[in-house]
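Trainee: I'd like a close look at just one part of this model, please. Could you walk me through the strand that sits between two neighbours, and then show me how it fits into the rest?

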Amino acid sequence: MVVSRQAGPCHQPGASAAYSYGVSKVRDDSFQIRPARDDEWQACRMLLPETFADLNGREYFLCTRQQAPRIVAAASCRRTPQGAKSLRLHVIPPFRRRGIGARMIDHICGDVPAAEGLSEISKEKDAEPFCTRTGFLRVDGLTTVEAEMAEIRAYMSRLRDRMHLPESARLISLAEAPMEQVARLHAEYIARAGELNPWRAVIAGNPRLAPSVILLVDGRVEAILLGELEASLAIVRSRVVTPRFQGGWANTLLLAEALDRGWERGARRVRFSYSDSNRDTQKLARRFKAEVISVLAKFQRGQPATVEI
Ligand SMILES: CC(C)(COP(=O)(O)OP(=O)(O)OC[C@H]1O[C@@H](n2cnc3c(N)ncnc32)[C@H](O)[C@@H]1OP(=O)(O)O)[C@@H](O)C(=O)NCCC(=O)NCCS
């Protein structure tokens with residue numbers, strides 16, 4: 001169901017909306033915020049191209065004025081019973097810092113219990129201060145880094161050599177692994193947070209995924225590291241260790257092995273990611289002065305409503 005609010009001038013800060021954060025300053029009444037019309041999709045795509053990758057259920061809003069440029073901002077989200085999701089917003093540069101972004105947030109999210117959206121804050125420098133100012137909190141994040149492989153590989157190998165592994169632990173390749181179990185782990189721990197990791201496909205026969213490593217303990221898949229090679233860059237795409245084996249040797253073993261496999265296939269740099277809560281991998285990245293490639297942050301405002309089924 002698409003829920004669109006009526007066209008009309010946006011409300012004043014702190015007006016009837018129960019969830020308004022009152023940041024917006026109405027500095028110019030000639031701006032109007034309204035749902036985008038069907039014939040305005042090109043403007044929406046130009047301002048918010050990333051949202052066109054997955055249009056399902058999205059609503060679009062524009063901030064317009066009479067004179068050129070007529071469209072000064074666009075916003076898009078999915079409105080669900082829990083609140084506004086996948087929120088994206090773009091104000092064209094000459095019109096920034098005039099309160100338009102905050103007015104759009106008020107307009108779209110003013111009457112919903114919660115709102116959330118993603119921003120690649122390593123590229124969108126204005127997003128974090130803007131989100132903080134409009135009442136959003138960073139609730140999760142995915143930092144992707146790159147490091148030279150030689151030192152990190154030597155370090156992980158030393159750690160592995162000192163470990164005492166259970167006799168029943170065995171490392172195998174993706175092609176040998178019981179795919180149902182691999183897919184189950186991937187679906188449960190990675191695809192669930194699909195917004196942060198859109199790389200969901202698990203294709204055992206794909207030769208690019210050859211550096212992937214699967215850990216079996218007593219014949220059960222307890223950890224997976226799925227990765228691929230792009231020329232001399234080894235990319236760790238997804239990593240899961242089941243709760244039973246977290247905080248111990250499993251992750252080290254997996255990484256050490258994957259680095260070896262990547263190295264043998266010609267990789268000399270490695271790219272990997274960690275979420276805000278993964279302190280161990282964050283420490284590893286710092287230790288080897290890994291270069292930050294991107295930071296994708298999830299921002300949330302309010303508490304999503306619980307929906308009774
Ligand atoms: C982020 C963005 C939407 C902000 O739009 P805007 O119309 O400039 O924002 P506002 O004028 O309503 O700003 C409201 C408050 O947010 C904060 N803010 C916004 N941009 C900021 C910046 N670059 N630095 C510090 N604070 C900032 C300020 O506190 C501001 O109030 P102030 O101007 O009175 O100090 C706009 O910069 C943009 O489109 N950026 C590119 C896309 C993007 O980053 N989108 C956000 C993720 S969806």
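Mentor: Let's start with that strand and work outwards. Keep in mind that this is a predicted model. The chain has 7 helices and 12 strands, and the one to look for is strand 11, residues 269–275.

On one side, strand 11 pairs with strand 6 (residues 137–148), and the two are antiparallel, with 7 bridges between them. To find a spot on screen, go to Leu142: its bridge partner in strand 11 is Ser275. Now turn to strand 10 (residues 233–241), which runs parallel to strand 11 and is joined to it by 3 bridges. Here you can pick out Leu233, whose bridge partner is Arg269 in strand 11. How does the chain get from strand 10 to strand 11? The path goes through helix 6 (residues 249–264), and this β-α-β crossover is right-handed.

Let's follow the chain on past strand 11. Between helix 7 (279–287) and strand 12 (291–302) there's a loop, and Lys289 sits in it. Lys289 isn't a glycine, yet its phi is positive, near 45°. Is Lys289 buried or exposed? Lys289 counts as exposed, because it has 10 C-beta neighbours inside 10 Å.

You'll find a similar story further back in the chain. Asp218 lies in the loop between strand 8 (213–217) and strand 9 (220–230). Its phi is positive too, about 50°, and Asp218 is not a glycine either. Asp218 is exposed, with 10 other C-beta atoms within 10 Å.

One more loop is worth a stop. Pro69 is in the loop between strand 2 and strand 3 (71–80), and the peptide bond leading from Ala68 to Pro69 is cis, with omega near -10°.

Now zoom out to the whole chain. Of its 309 residues, 34% count as buried. Among contacts with a separation of 6 or more, 73% are between residues 24 or more positions apart.

So how far can you trust the picture? The mean pLDDT of the chain is 86, and 84% of the residues reach 70 or more. Confidence is highest in strand 2 (residues 59–64), at a mean of 98, and lowest in helix 5 (residues 179–189), at 80. Over residues 1–20, though, the pLDDT is below 50, even if that stretch has 39 contacts in the model beyond near neighbours in sequence. Residues 198–202 are also below 50, with 8 such contacts. Where pLDDT is low, don't read the predicted coordinates in detail.

Definitions and conventions: Residues are numbered from 1 along each chain as its sequence is written. This is a predicted model: local features need pLDDT of at least 70, side-chain atom pairs count only at pLDDT 80 or more; totals for chains, interfaces and linings use all residues. pLDDT is the predictor's confidence in each residue, from 0 to 100. Helices (H or I, at least four residues) and strands (E, at least two) are DSSP runs, numbered from the N terminus. Two residues are in contact if their C-beta atoms, placed from the backbone, lie within 7 Å. Two strands pair if DSSP finds at least two bridges between them. A crossover is right-handed if, with the strands pointing away from the viewer, the path from the first strand over the helix to the second runs clockwise. A residue is buried if 20 or more other C-beta atoms lie within 10 Å of its own, exposed if 12 or fewer, and partly exposed in between; C-beta atoms are placed from the backbone.
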